[in-house]
Amino acid sequence: MWNQNLRKEKSEYIMKSQNFEFIRETNPELADLAGFAEVYAYSDPTSALFKLRLLGENLTAAFFEYYKIERLPRATFLEFLSNEAFTSSVPSVVVNKLHAIRTQGNRAAHGTGDVSSQVALWILK
């Protein structure tokens, strides 16, 4: 199934997302990460969660850049999410979801905790 979604454009492989194509024009890397996470959710939930963590961190970094929010030069995902300017600008439900993406992605990357398709699908929503 995944090769149906994978295509080559301009000498680069991209993964077409079922739900995140609307961001491709402004940020193709994020759309690719989302596409891979969608495809891997059932067959490789560990990879799906890792891709979602990258998506969440890169999306948050892009938010900081776009709104010119000051941050540490090498800020971690946790430092982004704990930044007062960020937490006062973003609804708490979004911050909480980003924390869930971070913690579940960490569990997947480090092999700790439950890594299942159900968790990957929950994070995708």
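**Helix 7 and its neighbours**

Modeller: Helix 2 and helix 7 are roughly antiparallel to each other. Keep in mind that this is a predicted model.

Colleague: Thanks! At roughly what angle do the axes of helix 2 and helix 7 cross?

Modeller: Helix 2 covers residues 28-43, and its axis comes within 8 Å of that of helix 7. An angle over 145 degrees counts as roughly antiparallel. The crossing of the two is left-handed, and their axes cross at roughly 155°.

Colleague: Which residues of helix 7 does helix 2 meet?

Modeller: On the helix 2 side, look for A37, E38, A41 and Y42. The residues of this contact divide into six nonpolar, one polar and one charged. The partners in helix 7 are S117, A120, L121 and L124.

Colleague: Let's go to helix 3. Are helix 3 and helix 7 roughly parallel or roughly antiparallel?

Modeller: Their axes come within 9 Å and cross at roughly 25°. Angles under 35 degrees count as roughly parallel. Helix 3 and helix 7 are therefore roughly parallel.

Colleague: How many charged residues are there in the contact of helix 3 with helix 7?

Modeller: Start with the names: P45, A48, L49 and L52 in helix 3 meet S117, V119, A120, I123 and L124 in helix 7. The residues of this contact divide into eight nonpolar and one polar, and the number of charged ones is none: no charged.

Colleague: And helix 6? How far apart are the axes of helix 6 and helix 7?

Modeller: Helix 6 spans residues 92-110 and helix 7 spans residues 117-124, and they pack at an angle of about 150°. That makes helix 6 roughly antiparallel to helix 7. The crossing is left-handed, and the axes are apart by 10 Å.

Colleague: Which residues of helix 7 does helix 6 meet?

Modeller: From helix 6, the residues to find are K97, A100, I101 and Q104. This contact holds five nonpolar residues, one polar and one charged. The residues met in helix 7 are V119, W122 and I123.

Colleague: Now for some empty space. Which element gives the largest share of the lining of the largest pocket?

Modeller: The largest pocket holds about 430 Å³ of space. Among its 18 lining residues, F20, L55, L59, L98 and I101 are the closest to its centre. Two or more lining residues come from each of helix 3 (45-66), helix 6 and helix 7. The largest share, five residues, comes from helix 3.

Colleague: Last one! How many nonpolar residues are in the lining of the largest pocket?

Modeller: You can sort the lining by class. Three of its residues are polar and two are charged. The nonpolar count is 13.

Definitions and conventions: Residues are numbered from 1 along each chain as its sequence is written. This is a predicted model: local features need pLDDT of at least 70, side-chain atom pairs count only at pLDDT 80 or more; totals for chains, interfaces and linings use all residues. Side-chain values use heavy atoms; hydrogens and water are left out. Axes are lines fitted to C-alpha atoms, for helices over the stretch in contact, and angles run from 0 to 180 degrees between N-to-C directions. Helices (H or I, at least four residues) and strands (E, at least two) are DSSP runs, numbered from the N terminus. Angles under 35 degrees count as roughly parallel, over 145 as roughly antiparallel, 65 to 115 as roughly perpendicular and the rest as oblique. A crossing is left-handed if the near helix is turned anticlockwise from the far one by less than a right angle, and right-handed if clockwise. Contact means heavy atoms within 4.5 Å. Ala, Val, Leu, Ile, Met, Phe, Trp, Tyr, Cys and Pro count as nonpolar, Asp, Glu, Lys and Arg as charged, and the others, Gly among them, as polar. On a 1 Å grid over the protein atoms alone, a cavity is a set of points where a 1.4 Å probe fits but cannot get out, and a pocket is an open set with protein on both sides within 12 Å along at least five of seven lines; lining residues have an atom within 4 Å of a point. Grid points are joined across faces, edges and corners, and a volume is the space filled by probe spheres set on the points.
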